[in-house]
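Reader: I have a model open and a few things to ask about its side chains. Can we go through them one at a time?

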Amino acid sequence: MRDPKRIGRICKLLEEKWMDVPEYRLGQFLRVFIFNFEPDDYPNIFSQEDNVTEERLCNLDIDLIKIKTQNPNVYVEDLKKDDYRSLKDTANF
């Protein structure tokens with residue numbers, strides 16, 4: 001059985017991070033920052049494990065994403081590949 005405590009942790013992280021971009025709708029926020037791009041343009045939200053979602057939310061820094069994605073060779077999808085751990089490496093600015 002999955003840990004039921006993950007629900008509260010993920011909801012708190014979601015609230016905290018979504019407040020950084022309150023103009024986004026929930027689906028928009030999740031699609032852009034949490035779930036991977038799918039070829040048919042719809043994220044497959046059912047197959048992503050909760051630990052991936054939680055790690056992405058923990059590491060998510062909207063301000064750093066905005067800065068890093070100003071580089072035309074860096075996309076949000078690139079940063080998701082390592083669950084935003086690379087955002088903590090400020091040497092890559």
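Reader: Is Asp83 buried or exposed?

Author: A caution first: this model is predicted. Asp83 lies in the segment after helix H5, which spans 76–80. The cut-off for buried is under 20% relative accessible area. Asp83 comes to 11%, so the residue counts as buried.

Reader: What is the phi of Asp83?

Author: Asp83 is not a glycine. Even so, its phi is positive. The value is about 55°.

Reader: And what is the phi of Tyr84?

Author: Tyr84 is also found in the segment after H5. With 0% relative accessibility, Tyr84 counts as buried. Tyr84 is not a glycine, yet its phi is positive, at about 65°.

Reader: Which residues join Asp83 in one salt-bridge network?

Author: Side chains of opposite charge can pair when their charged atoms come close. Glu16 and Lys17 form one such salt bridge, with the closest N and O atoms 3.9 Å apart. Elsewhere, salt bridges that share partners build a network. Asp83 is joined there with Glu55, Arg56 and Arg85.

Reader: Glu16 and Lys17 are a salt-bridge pair. Which of them is buried, and at what relative accessibility?

Author: Glu16 has a relative accessible area of 46%, so Glu16 is partly exposed. The cut-off for buried is under 20%. The buried residue is Lys17, at 9%.

Reader: Where is Arg56, and is it buried or exposed?

Author: Arg56 is found in helix H3. Its relative accessibility is 4%. The cut-off for buried is under 20%, so Arg56 counts as buried.

Reader: What does Arg56 contact, leaving aside its neighbours within four places in sequence?

Author: One part of the list is Phe33, Ile34, Phe35 and Asn36. Gln48 and Lys80 are also in contact with Arg56. The list ends with Asp83 and Tyr84.

Reader: How long is the polar contact between the side chains of Arg56 and Asn36?

Author: Asn36 is among the residues in contact with Arg56. The two side chains are also joined by a polar contact. Its length is 3.0 Å.

Reader: How far apart in space are Arg56 and Arg2?

Author: In sequence, Arg56 and Arg2 are 54 residues apart. In space, C-alpha to C-alpha, the distance is 18 Å.

Reader: How many salt bridges are there in the whole structure?

Author: The search covers the whole structure. Among the pairs is Asp3 with Arg9, whose side chains meet at 3.4 Å, N to O. The count is eleven.

Reader: Which helices does the salt bridge between Arg9 and Glu54 tie together?

Author: The closest N and O atoms of Arg9 and Glu54 are 2.6 Å apart. The two residues are 45 residues apart in sequence. Arg9 lies in one helix and Glu54 in another, so the pair ties together H1 and H3 (residues 50–59).

Reader: Of Asp3, Arg9 and Glu54, which is buried?

Author: Asp3 has 34% relative accessibility, so Asp3 counts as partly exposed. Arg9 has 36% and also counts as partly exposed. With a relative accessible area of 16%, the buried one is Glu54.

Reader: Now the rings. How many aromatic pairs are there, and is the Trp18 and Phe29 pair stacked or tilted?

Author: The count is three aromatic pairs. In one of them, Trp18 and Phe29 have ring centres 6.4 Å apart. Their planes are at 35°, so the pair is tilted.

Reader: Which helices does that pair link?

Author: Trp18 and Phe29 are eleven residues apart. Trp18 counts as partly exposed at 27% relative accessibility, whereas Phe29 counts as buried at 0%. The pair links helix H1 (residues 5–18) with helix H2 (residues 26–34).

Reader: Is the Phe29 and Phe33 pair stacked or tilted?

Author: Phe29 and Phe33 are four residues apart in helix H2, so about one helical turn separates them. Both are buried. Their ring centres are 5.3 Å apart. The planes are at 50°, so the pair is tilted.

Reader: Which residues form the aromatic cluster?

Author: Trp18 and Phe29 pair through their rings, and so do Phe29 and Phe33. These residues belong to one cluster that also includes Tyr24. The members are Trp18, Tyr24, Phe29 and Phe33.

Methods. Residues are numbered from 1 along each chain as its sequence is written. This is a predicted model: local features need pLDDT of at least 70, side-chain atom pairs count only at pLDDT 80 or more; totals for chains, interfaces and linings use all residues. Side-chain values use heavy atoms; hydrogens and water are left out. Rings of Phe, Tyr and Trp (its six-membered ring) pair if their centres lie within 6.5 Å; planes under 30 degrees apart count as stacked, over 60 as edge-to-face and the rest as tilted. Buried means under 20% relative accessible area, exposed over 50%, partly exposed in between (1.4 Å probe, protein chains only). A salt bridge is a side-chain nitrogen of Lys or Arg within 4 Å of a carboxyl oxygen of Asp or Glu. Contact means heavy atoms within 4.5 Å. A polar contact is a pair of N or O atoms within 3.5 Å; within protein, one must be able to donate a hydrogen and the other to accept it, and residues adjacent in sequence count only if both atoms are side-chain atoms.
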